[in-house]
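Here are a few short exercises to work through with the model open beside you. Try each task before reading its solution.

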Amino acid sequence: MHSVGEAEETAARVVASLLEWRDWLEDMAERFEQLAPPPDANAEDRSWHLERAVTRLVTTVVDRTHAESAWYGLCDTTLTWFLSSTGLRPEAARKAVEAAIGGRFKSWAEPAPPLVDAVGEDLAVRLTGRGFYREG
């Protein structure tokens, strides 16, 4: 009810919210395109791209939401959309994100860089079977 007032005031809030959401979607579409692994990437290169993408996308969500209440829900959605945009089936993408995050992100708490890195690595290795480093 705190967002509903007089008709003009409410309409202005709705328009502002829709414009903000559109900006988010357009920004994510650009980022997804820039961060996607090349179609011909081998497993190691694909792993590098996925880990890098997760780190950047989580950081973007944290910056945008200020890690407020349930920010990690938008993070889950964003990572699932990203993986789906790379060709992974949506259900497989959702499961991979859920397994990688595994309840490690909390409301009102910005994740430390090592945690974000660990989530990125876990997701990349889970999907490719390889780390981005050269294995002996």
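## Exercise 1: Charges

Keep in mind that this is a predicted model.

**Task.** Find how far apart the mean positions of the positive and negative charges of the chain are.

**Solution.** Start with the counts: the chain carries 15 positive and 23 negative charges. Next, take the mean position of each group; these two points lie 7 Å apart.

## Exercise 2: The overall build

**Task.** Work out how many helices and strands the chain has, and in what order the elements run.

**Solution.** Begin with the count, which gives 5 helices and 0 strands. Then read from the N terminus on, and the order is α-α-α-α-α. To add dimensions, lay a box along the principal axes: the C-alpha atoms fill roughly 65 × 30 × 25 Å.

## Exercise 3: Surface and contacts

**Task.** State what share of the chain's residues is buried, and what share of its accessible surface belongs to carbon and sulfur atoms.

**Solution.** First, the residues: of the 136 in the chain, 31% are buried. Second, the surface: the accessible area is about 8400 Å², and carbon and sulfur atoms supply 54% of that. A further step looks at contacts with a separation of 6 or more, where residues 24 or more positions apart account for 64%.

## Exercise 4: Two residues in a loop

**Task.** Locate H66 and A67, then decide for each whether the residue is buried or exposed.

**Solution.** Step one is the location. H66 sits in the loop between α2 (43-65) and α3 (71-85), and A67 belongs to the loop between α2 and α3 as well.

Step two is the backbone. Phi is near 60° for H66, a positive value in a residue other than glycine. For A67, also a residue other than glycine, phi is positive too, near 50°.

Step three is accessibility. H66 is exposed because its relative accessibility is 59%, and the cut-off for exposed is over 50%. A67 is buried because its relative accessibility is 4%, and buried means under 20%.

## Exercise 5: A threonine in a helix

**Task.** Decide whether T80 is buried or exposed, and name the residues it contacts beyond its neighbours within four places in sequence.

**Solution.** First, place the residue: T80 is part of helix α3. Next, check its relative accessible area, which is 14%, so T80 counts as buried. Finally, set aside the neighbours within four places in sequence; T80 is then in contact with P90, A93, R94 and V97.

Definitions and conventions: Residues numbered from 1 in each chain as written. Predicted model: local features only at pLDDT ≥ 70, side-chain atom pairs only at ≥ 80, totals over all residues. Heavy atoms only, no water. Helix = DSSP H or I, 4+ residues; strand = E, 2+ residues; numbered from the N terminus. Buried < 20%, exposed > 50% of the residue type's maximum accessible area, 1.4 Å probe, protein only. Contact = heavy atoms within 4.5 Å. Areas by Shrake-Rupley, 256 points an atom, 1.4 Å probe, with all protein chains shown as cover. Lys, Arg positive; Asp, Glu negative; His and termini not counted. Charge placed at Lys NZ, Arg CZ, Asp CG, Glu CD.
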